[in-house]
Amino acid sequence: MPPVRPDPSGASREARRIAEMRHGSSGTRLEADREGAGLVTRKLTAPIVPVLLRYSSASKWEDAKTEWRLNHIEWRDTEDAETCECGHHPICELCIVENEVTNTTLTIGNCCINQVSPEFEQLKRIFPAIKQGRINPAVIDYARKRNIINQWETDFLSNVWRKRTYTKNQLAKLDQIKGKIFKSIVSPARRLRT
Ligand SMILES: [Zn+2]
């Protein structure tokens with residue numbers, strides 16, 4: 001007899017089930033899943049919610065969402081893109097989120113995570129700016145909170161990010177600080193290309 005191939009892991013089965021939920025048209029099953037997750041009264045639009053709930057301590061999303069925090073983000077090159085926990089592939093705008101209650105860290109696509117909680121809403125302003133090489137208050141706040149930039153650099157950026165013209169010294173400093181922030185977010189392969 002040929003060797004029996006091992007079953008796919010529970011995690012990948014789950015990812016596939018959720019991807020099917022997202023793309024499939026089976027309303028009944030979706031409704032049943034909502035009920036199971038305690039979300040029957042809430043219109044569920046984000047496929048990532050049941051995944052996050054599975055790794056949360058609270059059983060209802062209203063409570064569970066407060067358990068999740070953004071750890072950091074990465075902008076990857078297509079070649080080292082990853083798969084979102086919802087099953088979507090490839091994702092290049094990675095959001096690494098953590099749940100301190102259940103001690104879980106997950107990699108989620110930007111498009112999935114920024115629709116589930118206000119905690120992640122600033123991501124809507126961070127990724128577009130980074131992709132255009134710009135700085136804005138959301139990027140400054142992100143970098144300061146993670147000690148990517150110090151207080152002096154934060155104040156400097158806050159003062160100059162909106163300016164249209166710079167002195168030579170300001171421009172050099174701005175480029176230096178921007179380089180530091182982008183290096184912490186943009187993957188090496190992507191940095192080589194852009
Ligand atoms: Zn996703």
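Here's a quick briefing on how this chain is put together and how far to trust the model. It is a predicted model: local features need pLDDT of at least 70, side-chain atom pairs count only at pLDDT 80 or more, and totals for chains, interfaces and linings use all residues. Residues are numbered from 1 along each chain as its sequence is written.

**Confidence**
- The protein chain averages a pLDDT (the predictor's confidence in each residue, from 0 to 100) of 83, and 76% of the residues score at least 70.
- Helix α8 (residues 151–160) comes out highest, at a mean of 98, while helix α2 (residues 27–36) is lowest, at 42; helices here are DSSP runs (H or I, at least four residues) and strands are E runs of at least two, numbered from the N terminus.

**The core**
- The largest nonpolar core (buried Ala, Val, Leu, Ile, Met, Phe, Trp, Tyr and Cys residues joined through C-beta atoms within 7 Å) has 36 residues, and Ile48, Cys95, Ile113 and Val139 have the most contacts inside it.
- Domain 1 (1–121) and domain 2 (122–194) both chip in residues, so this core lies between them; the bounds come from an automatic or database domain assignment.
- Leaving aside neighbours within four places in sequence, Ile48 is in contact (C-beta atoms, placed from the backbone, within 7 Å) with residues including Glu85, Cys86 and Ile113.

**Helix α6**
- Leu123, Ile126, Phe127 and Ile130 are the buried residues of α6, buried meaning that 20 or more other C-beta atoms, placed from the backbone, lie within 10 Å of a residue's own.
- Their cover includes β1, β2, α5, α7 and α9.
- Just after α6, Gly133 takes a positive phi of about 70 degrees.

Definitions and conventions: A residue is buried if 20 or more other C-beta atoms lie within 10 Å of its own, exposed if 12 or fewer, and partly exposed in between; C-beta atoms are placed from the backbone. Two residues are in contact if their C-beta atoms, placed from the backbone, lie within 7 Å.
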